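Work through the exercises below with the coordinates open. Try each task before reading its solution.

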Amino acid sequence: FDNYWDALKNPDIDHPPFLAVMKDLFDRGIDKFAIGITMCRAKGVKPWLSFRMNDVHSASNDKAFTSFGYWKEHPELWLKPSTSSTTKSVAWWTRAFDYRNEQVQARMLAYIEEALERYSPDGIELDWMRFECHVPFKRVNGVNKACEDGVEALNRFMRRAKDVVRKAEKKCGHQITISVRVDSDPESALNHGTDYRTWARERLVDFIVPCNFFDTVDFDLPYAKWKSELKTINPDVTVIPGADCNVKF
């Protein structure tokens, strides 16, 4: 993936102070992830890596340090392909990558494979909530649902991700568990294309973290419903309720 600090080379891009800090650490050969993993293991804590599957922060801001590089160079891979990179009237989520594209899947799989080889973590999280717009939707009985080929595309990706993890396990000699973060409500999770039923049935995941999106914690998260359904599909899959909260004072 593009390094965030590459934005420092472009005078037209906003430069938050931490970009210079990140570059300084890199130039000095300091890998904060490697350090954190080493410290975790020294304390008996199993280190994990989390991957945002479709991070489109500031997708409508052409000056944002996240809005450049590969993403900006390939608008044809967006959910709504565009030849314009300055259309701010378009909903931000339409500029997320469309996982039906082989190029999108291959790039993310290569990223995960590289991280597994470099850090050899004990587990990975595939965060489908950042952001939960990975395939096109269609209106069905007043409800937006992921298109059928989109659902199958995400299932195909999960199978390939499992294969990547299996290969990494053989190289590192220890188990690497897989967790997915999906919408807090089972029906909504399915509507967004994250077919957790297939993932559990095919043993593609070890943990499922149902979680709210961004600002408001879901205090009515149907944990019992999740646990009951997955017990009948695959009792080896563990459900861990999530609570994403972005509170600014």
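**Exercise 1. Place Val 21, then find its surface partners.**

Step 1. Val 21 sits in helix α1, residues 17–27. Keep in mind that this model is predicted.
Step 2. Look at the surface around Val 21. Tyr 4, Phe 18 and Val 21 make up a nonpolar patch there.
Step 3. Take the area. Together the three residues have about 270 Å² of accessible area.

**Exercise 2. Work out the order of the open sheet and identify its edges.**

Step 1. The open sheet has five strands, and their pairing is parallel. The order reads β1-β2-β5-β6-β7.
Step 2. Find the edges. β1 and β7 (238–239) each have a single partner strand, so one side of each lacks a neighbour in the sheet.
Step 3. Check one pairing. β2 and strand β5 (residues 177–183) run parallel and are joined by five bridges.
Step 4. Pick a bridge. Ile 124 has Ile 178 in β5 as its bridge partner.

**Exercise 3. Describe the hairpin of β3 and β4.**

Step 1. Strand β3 covers residues 137–140 and strand β4 covers residues 143–146. They run antiparallel, with four bridges between them.
Step 2. Arg 139 pairs with Asn 144 in β4.
Step 3. Inspect the turn. Two residues lie between the strands, and Asn 141 has a positive phi near 50°.

**Exercise 4. Characterise the largest pocket.**

Step 1. Start with the volume: the largest pocket holds about 1800 Å³ of space.
Step 2. Go to its centre. The lining has 47 residues, and Phe 1, Asp 2, Tyr 4, Phe 33 and Tyr 111 are the closest to the centre. Tyr 4 also belongs to the surface patch of Exercise 1.
Step 3. Assign the lining to elements. At least two residues each come from α1, α2 (32–42), β1 (48–52), α3 (70–73), α4 (102–119) and β2 (123–127). α4 gives the most, with eight residues.
Step 4. Sort by class. The lining has 27 nonpolar, eight polar and 12 charged residues.

**Exercise 5. Do the same for the second largest pocket.**

Step 1. The volume of the second largest pocket is about 230 Å³.
Step 2. Its lining includes Trp 92, Trp 93, Phe 137, Val 143 and Asn 144. Asn 144 is also the bridge partner of Arg 139.
Step 3. β4 and α6 (186–191) each supply at least two lining residues.
Step 4. The classes are six nonpolar, four polar and one charged.

**Exercise 6. Search for an enclosed cavity and list what lines it.**

Step 1. The whole structure has one cavity of 30 Å³ or more. The largest cavity has a volume of about 40 Å³.
Step 2. Among its lining residues are Trp 128, Met 129, Glu 132, Arg 181, Asp 183 and His 192. Glu 132 and His 192 also line the second largest pocket.
Step 3. β5 gives the most to this lining, with three residues.
Step 4. By class, count four nonpolar, three polar and three charged residues.

**Exercise 7. Count the salt bridges, then explain what one of them connects.**

Step 1. A search of the whole structure gives 18 salt bridges.
Step 2. Take Arg 118 and Asp 31. Their side chains meet at 2.9 Å, N to O. The cut-off is 4 Å.
Step 3. Locate both ends. Arg 118 is in helix α4 and Asp 31 is in the loop between α1 and α2, so the pair ties together parts 87 residues apart in sequence.

Key:
Residues are numbered from 1 along each chain as its sequence is written. This is a predicted model: local features need pLDDT of at least 70, side-chain atom pairs count only at pLDDT 80 or more; totals for chains, interfaces and linings use all residues. Side-chain values use heavy atoms; hydrogens and water are left out. Patches are made of residues with over 30% relative accessible area and no salt bridge: like charges are joined within 9 Å, nonpolar side chains (Val, Leu, Ile, Met, Phe, Trp, Tyr) within 5 Å. Accessible areas come from the Shrake-Rupley method with a 1.4 Å probe; for residues, only the protein chains shown count as cover. Two strands pair if DSSP finds at least two bridges between them. On a 1 Å grid over the protein atoms alone, a cavity is a set of points where a 1.4 Å probe fits but cannot get out, and a pocket is an open set with protein on both sides within 12 Å along at least five of seven lines; lining residues have an atom within 4 Å of a point. Grid points are joined across faces, edges and corners, and a volume is the space filled by probe spheres set on the points. Ala, Val, Leu, Ile, Met, Phe, Trp, Tyr, Cys and Pro count as nonpolar, Asp, Glu, Lys and Arg as charged, and the others, Gly among them, as polar.
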